[in-house]
Structures are given as C-alpha cells and as structure tokens.
Amino acid sequence: MEILASIPSPSKGELDLFGLPLRGYAFAIIIGVFVAVWIGGKRWVARGGKPGTVADIAVWAVPFGLVGGRLYHVITDNDLYFGEGRDWVDAFKIWEGGLGIWGAIALGGLGAWIGCRRRGIPLPAWADALAPAIAIAQAIGRWGNWFNQELYGRSTDLPWALEITRSDGGRVPGTYHPTFLYESLWCIGVALLVIWADRRFKLGHGRAFALYVAAYCVGRGWIEYMRVDDVQLNDVLGLRFNVWTSIVVFVLAVVYMVVSARLRPGREEVVEPDRDGASSDEASSDGASAGADEDADSDKVELSKDAGASSDTDAGTDTDAEAKDEAGSAKS
C-alpha cells in the first residue's frame, strides 16, 4: 500500500461548475462568506437578535472587507503591481489572489458599523456573534491559496508537505510546509476556542471578537514566520511586516478585553431593540382609551336608566296622590 508522501497541488486554479469556469480562489471566498453568515445568523438569534439581521449587515461588511483586504495587499506589496515591468491593472484582479486579513477586518468593520447603525444595533454585540464565524470563513478561504499554489513555507520532506509544481512568479517546484493548511486548521481551533469561552464566561461588549483577534494573531505570527514567499516588506527590524502587525494587533486586542471587562462586565441584555415597540405602545394606548370611552358610555347608559326609573317612580307617586285627592273630594 502506497502512503501519500505529500499533498498534491491542483494542476489548474479553476473549477468547472456546471460547465462554467470558476476560479478556485474566488470559490473558496464565496463559500466562506456563506458559511460565516449562516453560523453568525444562528449565534445572533441565540443572543436575542432577529433572523436575517446578520445577512442584512453582511451586505455592507463583505464588500467593504474585500476592498479593504485588497487595498492592504496592494499597499504592502505594491511592487507586484507598480514596479518595473508590472501592469497596474493586475491590482484589480482579485481572483488571482492577494487579500490582507488586517485590511479586510478594518474596512469590513467600517461597513458593519454602517449596517449596524442603520438597524440601531450595537456593533460590539454583532461582532461577538460573528467572531467564530469569521474564523471559519478564513479557514475555508485559505484553501483558495492551495488552488493558486501560494502561501507555502520552507522546504520539507514531511508526509504532509505541499507539492509545488509551478515555476512562474519565482516559484521553485518542490515540497514545502503547507502554511495555508496550518492557518486553516488554526482558524478552526480559534473558532472552537471562542465558542467555548463565550459559553463559559458569557463574553459580551466585543470581548468575544477581541478573543478571536488575539488568538488568530498568535497563530498568524508563527505561521507568517515560516513563509518563504517574497514580499516587499520582508524584513522590518528583523521580522516580516505582517509579524509586527500580528504583535501590535494582539496587544491591542488583549488590552481591549481587560479594559472592557472592567468598564462593562457581563453581556448585553438586549442586542436588537424592537423597532415596532413605539407603534405597539401607541396601539396599547389607543386600546386603553377606547376601553375608557366604552366604560364612560356604559356609565352614561346606566345613569340614564336610573334617571328614567326615578322619573317613572315619581310620576307614579304623583298619579296616586291625585287619585286619592279626587276620591276624597267625591266623598265630601
């Protein structure tokens, strides 16, 4: 029985979907987004939100995130698109790979803030619900790098080594550490960690999202350190730029968790206010007023009946008195 000595790479970066060619990188991102919205929607409803809210806000967050991720990549690796012999139009070919998670989170957060503000929802609560879902989306999206034969590490002969067969773009065919796979597995672990911690400690006010960010940064730091692909900011004070970014973002996430826990302990009681509450109150008020009017009318009817009965009694008394007087007059 032959044992698999390495992980083979796809011969091409496209999938045939019902006869239509679809870039594997784009396919992985699309699947990741749909899974994230599905998981995030379930968590949002479990926190007291309404079905469909996560998808509505994702309409804002996802496009912003894609633009932000691409901008981060192009800015930090601008020589790939604006250097000598390069074509700047390639900067728009997102399907060929190249998304920076930090830019995606930053600009995607801006889009989510816009969507949350339009719905009257606190952004930290929404981010907490989406935290593990985003990690799962990253785990799926990383397989897009497998289709493109990119983001691999140092050369190795381990049984799970990634086989690179292409020689363009500075690639050298051989077997390497599959850093895309390491990060995919790490993201799954991060998602499970956030789900466990959220259930155990009732994280709220953005702390579940901060935990996701901190945990992801730990993994991204050592995985980034293993990569050998050439990037523009490959050596910044002895480390790759993305390693420094991971360190800084990790510290900020931990500080936020500590400060937030002291200032706003516990979890939000209401994550999505009922926008129909005002109309419901008005309806109740109208109902109460109508009931009061009916009671008043009923009282009036009863008073009228009493008055009528009293008048009939008085009339009867007067008639009897007159009859007695006439009888007395006749006797006399």
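**Exercise 1. Determine how many disulfides the structure holds, and state whether Cys 187 and Cys 217 are buried or exposed.**

Solution. The structure, which is a predicted model, holds zero disulfides. For the burial of the two cysteines, the cut-off is a relative accessible area under 20%. Cys 187 has a relative accessible area of 1%, and Cys 217 has one of 4%. Cys 187 is therefore buried, and Cys 217 is therefore buried as well.

**Exercise 2. Describe the make-up of the protein chain in helices and strands, and give the share of its residues that is buried.**

Solution. The count comes to 10 helices and four strands. Along the sequence, these elements follow the pattern β-β-α-α-α-α-α-α-β-β-α-α-α-α. The protein chain has 332 residues, of which 38% are buried. Turning to contacts with a separation of 6 or more, 72% are between residues 24 or more positions apart.

**Exercise 3. Characterise the second largest pocket by its volume, its central residues and its lining.**

Solution. Begin with the volume: the second largest pocket encloses about 1100 Å³ of space. Its lining consists of 41 residues, and those closest to the centre are Ile 101, Ala 104, Ile 105, Ile 134 and Gln 138. Next, assign the lining to elements. Two or more residues each come from helix 1 (24–46), helix 2 (53–76), helix 4 (101–119), helix 5 (123–141), helix 8 (207–226) and helix 9 (241–263). Helix 5 supplies the largest share, nine residues. Finally, sort the lining by residue class: 30 residues are nonpolar, nine are polar and two are charged.

**Exercise 4. Locate Asn 148, decide whether it is buried or exposed, and identify its contacts.**

Solution. Asn 148 belongs to helix 6, which covers residues 143–148. Its relative accessible area is 3%; the limit for a buried residue is under 20%, so Asn 148 is buried. The side chain of Asn 148 makes a polar contact of 3.3 Å with the side chain of Glu 150. Apart from neighbours within four places in sequence, Asn 148 touches Arg 23, Tyr 25, Trp 95, Glu 96, Gly 97, Arg 166 and Arg 171.

**Exercise 5. Place Lys 202 in the chain and give its distance in space from Glu 268.**

Solution. Lys 202 is found in the loop between helix 7 (179–201) and helix 8. Between Lys 202 and Glu 268 there are 9.6 Å from C-alpha to C-alpha, with a separation of 66 residues in sequence. When neighbours within four places in sequence are set aside, the contacts of Lys 202 are Ala 197, Gly 266 and Arg 267.

Methods
Residues are numbered from 1 along each chain as its sequence is written. This is a predicted model: local features need pLDDT of at least 70, side-chain atom pairs count only at pLDDT 80 or more; totals for chains, interfaces and linings use all residues. Side-chain values use heavy atoms; hydrogens and water are left out. On a 1 Å grid over the protein atoms alone, a cavity is a set of points where a 1.4 Å probe fits but cannot get out, and a pocket is an open set with protein on both sides within 12 Å along at least five of seven lines; lining residues have an atom within 4 Å of a point. Grid points are joined across faces, edges and corners, and a volume is the space filled by probe spheres set on the points. Ala, Val, Leu, Ile, Met, Phe, Trp, Tyr, Cys and Pro count as nonpolar, Asp, Glu, Lys and Arg as charged, and the others, Gly among them, as polar. A disulfide is a pair of cysteine sulfur atoms within 2.5 Å. Buried means under 20% relative accessible area, exposed over 50%, partly exposed in between (1.4 Å probe, protein chains only). A polar contact is a pair of N or O atoms within 3.5 Å; within protein, one must be able to donate a hydrogen and the other to accept it, and residues adjacent in sequence count only if both atoms are side-chain atoms. Contact means heavy atoms within 4.5 Å.
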